[in-house]
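Let's walk through this structure together, starting with the overall fold and ending at the charged side chains. Keep the 3D view open as you read.

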Amino acid sequence: MKRALQITYRGMETSEALNEHIRDHAEKLEQFFDGIVGCHVVVDEPHRHKHQGNHFRVRVDLHVPGKDLVAARDPDEHAAHEDPYQAVTDAFEAVRRQLQHYTGAMHAHHRHG
């Protein structure tokens, strides 16, 4: 990603492999819409349970002109997020849908403006 991509880990070690996974998703978003101003991804492992698998929470803050798009995937909502890669993928898919709405509204505004 050409623009500022920030990755923050909370409650867990930094993972270069997960960083690469996040960068891939961020680059795909940028190919979809090149007006992205910045992107901040937070990967959080809030509760480490010995008996259950670890659950991951991922939040993507995407900054575009005039708007901030936020997608969060919480383990309480999605029990499948014992896999941090899947949590990242789901969060990026959610923010991409928001970005599609944003760009659709932007194009509609320009057509009718």
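The paragraphs below go from the fold to the core, then to the rings and the salt bridges.

Please bear in mind that this is a predicted model. The secondary structure of the protein chain comes to two helices and four strands, and from the N terminus on these elements follow the order β-α-β-β-β-α. Of the 113 residues in the chain, 42% are buried. If you take the contacts with a separation of 6 or more, 62% of them join residues 24 or more positions apart. On the outside, the chain exposes about 6,800 Å², and carbon and sulfur atoms supply 48% of that area.

Now turn to the interior. The largest nonpolar core has 26 residues, and V43, L62, F92 and L99 are the ones that touch the most other members. Two or more residues each come from α1 (16-32), β2 (38-44), β3 (57-64), β4 (67-73) and α2 (84-112). Of these, α2 gives the most, with eight residues. V43 is a good place to pause: leaving aside residues up to four places away in sequence, it touches T8, Y9, R10, M12, L18, I22, R57, V58 and V88.

Next, look at the rings. How many aromatic pairs does the count come to? There is one aromatic pair. The ring centres of F33 and Y102 lie 5.8 Å apart and their planes stand at 80 degrees, so this pair is edge-to-face. It links distant parts of the chain, with F33 in the loop between α1 and β2 and Y102 in helix α2, 69 residues apart. Both F33 and Y102 are buried. Another ring to find is that of F32: the charged end of R96 sits over it, 4.4 Å from its centre.

Finally, the charges. Side chains of opposite charge can pair when their charged atoms come close. This structure holds four salt bridges, and one of them joins R59 and D61, with their closest N and O atoms 3.0 Å apart. R59 is partly exposed at 38% relative accessible area, whereas D61 is buried at 12%. Elsewhere, salt bridges that share partners join E16, E20 and R23 into one network. Within this network, R23 meets E16 at 2.8 Å, N to O, and E20 at 3.0 Å between the closest N and O atoms. E20 and R23 are three residues apart in helix α1, so about one helical turn separates them. E16 is exposed, with a relative accessible area of 52%, while E20 is partly exposed at 38% and R23 is partly exposed at 26%.

How values were computed:
Residues numbered from 1 in each chain as written. Predicted model: local features only at pLDDT ≥ 70, side-chain atom pairs only at ≥ 80, totals over all residues. Heavy atoms only, no water. Core = buried A, V, L, I, M, F, W, Y, C linked by side-chain atoms within 4.5 Å. Buried < 20%, exposed > 50% of the residue type's maximum accessible area, 1.4 Å probe, protein only. Contact = heavy atoms within 4.5 Å. Phe/Tyr/Trp six-rings, centres within 6.5 Å; stacked < 30°, edge-to-face > 60°. Lys NZ or Arg CZ within 6 Å of the ring centre and 35° of its normal. Areas by Shrake-Rupley, 256 points an atom, 1.4 Å probe, with all protein chains shown as cover. Salt bridge = Lys/Arg side-chain N within 4 Å of Asp/Glu carboxyl O.
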